[in-house]
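Here are some short exercises to work through with the structure open beside you. Try each task before reading its solution.

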Amino acid sequence: FQRVMQGGVEGGAPLLCALLDLPPRPSARQLRELGSHKRWRAAAGLVGGFWKSVLGVLGGEDRGANAAKQGAKGGVKGGGGEGGGVGFLPRHAPLAHFLLRQLPAYLPLLLPLPRLARGVVRGVLSLWAQPLGAEDEAAEGGVECQATAVTRRLALGLARALLLLSLKAGDEGPGEGEGEGESEGGGIAGEVLRSAYLKFHRRCRGGLGGGGGARGFQLLQQLLGGVASLFAAHPPLAYPLAVTYQRQLALHQRRGGVKGGEEAVAPLRSWSVLLTLELFARLVSRCPAEDGGLGLLAFPLAQLALSLLSLLPSPYMAPLRLHTLRLLLLLSAHTGIFLPLHQPLLELLEQVAAPPAHPPATPYSAPLPPLPLLLSLPANSLAAPPVRDAVARFALALLEAWGGLVRGAGGGVEAVSFMCKRLKTFLKDTRGISVSVRASARALLLDWAEANARARLLRQQRVVSVGDCEGGFDCLRAPEEEAGGGVRAAVAQLTRLYA
């Protein structure tokens, strides 16, 4: 029975393609005209029955009966809830892997069936975004088990293959039979991007729970990379969807800012908001061009991140503030936009380093998790010197990266000089951090002062006066090699913070 089933799945795609005169590598015209082929009416029932059976298998044994019905209606139940998801027991994972490896050959036959294609997209992406199971939590090394990792990789590859195939066929408009509300974003390709974003956002709403902290964070970062790769595959199609999701986030922030109060602002201090901002930052970093890219999203993204910072005045929200400032630094590094981030970084340093006016009766003694896994600090934790030192080190690392970015920009020497004065005053007046952190800040101050003196000397050698310079104020910029080296060093440092 296994040989018959395996041979049927492996050999079914070539037979159906031969029936429809479809070569192994069909052209865009052949893909577009597949639905009007003279034998398509006879083959459509076979193709639809095969995909509905696949959906029933991939949907799990308990949902196999109604997966085919939902697939015909354009959706697949299962894996859509916050706490649910399509999962496989270890003994069922090889079956899923076999099917996911064979399904790319059947994807061209799915293009004339847009409703069924939407069900396939949602079912496959439910596999990709499934939560961590008991076998993943029991896996050693802080990572999920190999079977789940392979399932995610194969499911994402299948969704990406369908996206590229539909774009090759020119499917950038609404598919046949789609409703008015379903045509936004471009047919099957738009459905892939929308479903991937919604699955990712739904998983983020659960936070790091169910994944054991570090594992949950790794899962969200993995899903984030997958969504970014799908959106970056076709920036013109991704741009209107990204604008829509940015507008939704802006409306949520505006509603929280207008209402005020802890109850209205609390939903904005979540992993879903932070990782949505990081998704947009990655998209702009991958496609920074304004013509044909996603560079036009940079300015509204910076406004969203800065407005989020304005809603986080408490020093106990230092982790979320640091995450947001790191995203802004990455955005500035990849787009060249100057963002005055030294002010919020120094304010955070001064808030954290100041000893509490009324120390708690019971000192905080619990070990602090890594800052990338936190959105807020535990109550009364800033009274503990190790907590203040951890936040101060993170902020100093961001300050160092910001100095490397602005050093090569016009007026960077003056900006770094201002930073040196503020940092010198901070070291003189602050006694709430350890000697090692103060030594790190002092070393950073000396490096900046030395680099500024060298930059001033080089600028004086290049230009006698601004009026005699042929390039105008471009003479105030650092050499291109030095500026590029500063950007690369800053990006590498920001990446190491989350390693």
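**Exercise 1.** In this predicted model, find out how helix α13 and helix α14 pack: what is the angle, and how far apart are their axes?

*Solution.* Start with the positions: α13 covers residues 271-286 and α14 covers residues 298-310. Two packed helices are described by the angle between their axes and the distance between the axes. Here the angle is about 155° and the axes lie 10 Å apart. Angles over 145 degrees count as roughly antiparallel, so α13 and α14 are roughly antiparallel to each other. The handedness comes next: the crossing of α13 and α14 is left-handed. Finally, look at the side chains. From α13, Val273, Leu277, Phe280, Ala281 and Val284 meet Ala298, Leu301, Leu304, Ala305 and Leu308 of α14.

**Exercise 2.** Now do the same for α9 and α10: which residues meet, and at what angle do the helices pack?

*Solution.* Helix α9 spans residues 187-205, and helix α10 spans residues 214-232. Their packing angle is about 160°, and 10 Å separates their axes. The cut-off for roughly antiparallel is over 145 degrees, so α9 and α10 are roughly antiparallel to each other. α9 passes α10 in a left-handed crossing. On the α9 side, the residues that meet α10 are Val192, Leu193, Ala196, Tyr197, Phe200, Arg203 and Cys204. Their partners in α10 are Leu220, Leu223, Leu224, Val227, Leu230 and Phe231.

**Exercise 3.** Stay with α9 and decide: is isoleucine 188 buried or exposed?

*Solution.* First, place the residue: isoleucine 188 sits in α9. Its relative accessibility is 4%. Buried means under 20%, so isoleucine 188 counts as buried. To add a distance, turn to leucine 162, which is 26 residues away from isoleucine 188 along the chain. The C-alpha atoms of these two residues are separated by 8.1 Å.

**Exercise 4.** Check the span of helix α8 against the expected value, then look at what follows the helix.

*Solution.* α8 runs over residues 146-168 and has 23 residues. From its first C-alpha to its last it reaches 33 Å, close to the 33 Å expected at 1.5 Å a residue. Glycine 170 follows α8, and its phi is positive, near 80°.

**Exercise 5.** Is arginine 438 buried or exposed, and which residues is it in contact with?

*Solution.* Arginine 438 belongs to helix α19, residues 435-462. With 15% relative accessibility, it falls under the 20% cut-off, so arginine 438 counts as buried. Now leave aside its neighbours within four places in sequence: the contacts of arginine 438 are then Leu427, Thr430, Arg431 and Ile433.

**Exercise 6.** Where do aspartate 21 and asparagine 380 lie, and what is the phi of each?

*Solution.* Most residues other than glycine have a negative phi. Aspartate 21 is not a glycine, yet its phi is positive, about 55°. Aspartate 21 lies in the loop between α1 (2-19) and α2 (28-32). With a relative accessible area of 48%, aspartate 21 is partly exposed. Asparagine 380, also not a glycine, has a positive phi of about 65°. Its loop is the one between α16 (342-353) and α17 (385-406). At a relative accessible area of 41%, asparagine 380 is partly exposed.

**Exercise 7.** Step back to the whole chain: how many helices and strands are there?

*Solution.* Count 20 helices and 0 strands. Of the 499 residues in the chain, 50% are buried.

Terms used
Residues are numbered from 1 along each chain as its sequence is written. This is a predicted model: local features need pLDDT of at least 70, side-chain atom pairs count only at pLDDT 80 or more; totals for chains, interfaces and linings use all residues. Side-chain values use heavy atoms; hydrogens and water are left out. Helices (H or I, at least four residues) and strands (E, at least two) are DSSP runs, numbered from the N terminus. Buried means under 20% relative accessible area, exposed over 50%, partly exposed in between (1.4 Å probe, protein chains only). Contact means heavy atoms within 4.5 Å. The expected span of a helix is 1.5 Å times one less than its number of residues. Axes are lines fitted to C-alpha atoms, for helices over the stretch in contact, and angles run from 0 to 180 degrees between N-to-C directions. Angles under 35 degrees count as roughly parallel, over 145 as roughly antiparallel, 65 to 115 as roughly perpendicular and the rest as oblique. A crossing is left-handed if the near helix is turned anticlockwise from the far one by less than a right angle, and right-handed if clockwise.
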